[in-house]
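Here is a short walk through one chain, strand by strand and then out to a helix and a couple of single residues. Have the model open as you read.

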Amino acid sequence: MKKLLTIAVVLIAVQAHAQITENDVFAHGSFKTKSFKNAPKRIFINSFNVYFQVFGSARASTTGGEMLGTLRGNTNVAMGVSLDGVDNKDFLEITNEVYQQYVGKLKAMGYEIISADEAGKTEVYKDWLKKEGGELSATQSLGFLKVTPNDYSYYVKRETAKGKEKSGVFANTGVLSKQLNDAVIADVNMTFYFVQMKTFDNEFLGYSQVTGKPNFRFVRVLGDIKNQVLSSANYAFGKNLTAVEAAINTSLKKDLGSNETVFEDVKLKESAVAASKAIPDYAAIVFVNNKNISVSHYLTCNPDLYKSETKRMMTQFLDVSLARLQENIK
């Protein structure tokens, strides 16, 4: 009986902290992976971005008019949901800790980390803008903070007056690797959502509704069809005509949630404005250029669980990508 109880406890623990494994990821775009054993043991982390959703919004409406002898008015319902419980310092803490672990593991694999200053001497980046990490930006995608780690620098082709970064239409990975003597180029992007929202409208009934609920998850894709950011950790090196010599790509197959109670199970329905409360630090970043969006509800997370679960999923995802890289450099 004691053995059965012990097994049951272990199984519960495993389920509560389900690991991200090879079964959860794609390798789309990977090719000539065994060639990595011939690549120099030098790597440039070209991008390391984490996107945290801090605001969600939805709107439903119907148009009034005469229908079956009845005159109806317009309906227009909007909901704005803000993340509560974590703030700027927490997003930076998460990103910094995961990044430092990532760099440490690359070094343990024998890689020398190429500095941004060295990369900036290449022809690829000579006219690009060097950006320092440790910043939080809301201009890349509405409702999201893009966070980069401290002690890290990267390049963008240009930056708009509102701070939106532009890196051109075509990837320059192959050329950059070649100009860094075939060094490996790493690109990392990860995105986390916190809320799920639904709309309902019925012209016949003249009724519209917006509902929301917590849905903390590590998502596969951020953005719309025209401007997508894939949660991925990609490695490439060399140049062969217009492409890289070889690539090892890792991306999520689907959105991944958590078994921990990061948020209480509550349901939101647009009908009333939430009570007044302290304004989070990120509000100054998120809302400064978006005066037409407003908050009507807050979803409060358990800050310790939010941070620990986000770090866990990010670290496990990156570990899968590093294991793939390690396997091919033996």
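Val25 sits opposite Leu252 in strand S19. That pairing belongs to a set of 2 bridges that join S1 to S19, with the strands running antiparallel. (Strands are DSSP runs of E with at least two residues and helices are runs of H or I with at least four residues, numbered from the N terminus; two strands pair if DSSP finds at least two bridges between them.) S19 also pairs with S18 (residues 232-237), again antiparallel, through 6 bridges. There, Ala233 stands opposite Thr250.

This is a predicted model, so to speak plainly about its limits: local features need pLDDT of at least 70, side-chain atom pairs count only at pLDDT 80 or more, and totals for chains, interfaces and linings use all residues. Residues are numbered from 1 along each chain as its sequence is written, and side-chain values use heavy atoms, with hydrogens and water left out.

Back to S19, residues 246-252: 7 of its 7 residues are buried, meaning under 20% relative accessible area, where over 50% is exposed and in between is partly exposed (1.4 Å probe, protein chains only). Both faces are covered, with Ala246, Ile248, Thr250 and Leu252 on one side and Ala247, Asn249 and Ser251 on the other.

Now for two single residues.

| Residue | Location | Relative accessibility |
|---|---|---|
| Ser47 | strand S2 (residues 42-53) | 12%, buried |
| Thr21 | loop between helix H1 (2-16) and strand S1 (25-26) | 31%, partly exposed |

Beyond its neighbours within four places in sequence, Ser47 is in contact (heavy atoms within 4.5 Å) with Tyr152, Ala186, Asp187, Val188 and Asn189. Thr21 has a distant partner in sequence: its C-alpha atom is 7.5 Å from that of Phe317, 296 residues apart along the chain.

Helix H2 covers residues 88-108, 21 residues in total. From first C-alpha to last, H2 reaches 30 Å, close to the 30 Å expected, where the expected span is 1.5 Å times one less than the number of residues. Its buried residues include Phe91, Leu92, Thr95, Val98, Tyr99, Tyr102 and Leu106. An α-helix has 3.6 residues a turn, so residues three or four places apart point the same way. After H2 comes Gly110, with a positive phi near 100°.

Zooming out, the chain has 6 helices and 22 strands. Of its 330 residues, 47% count as buried. Among contacts with a separation of 6 or more, 79% come from residues 24 or more positions apart.
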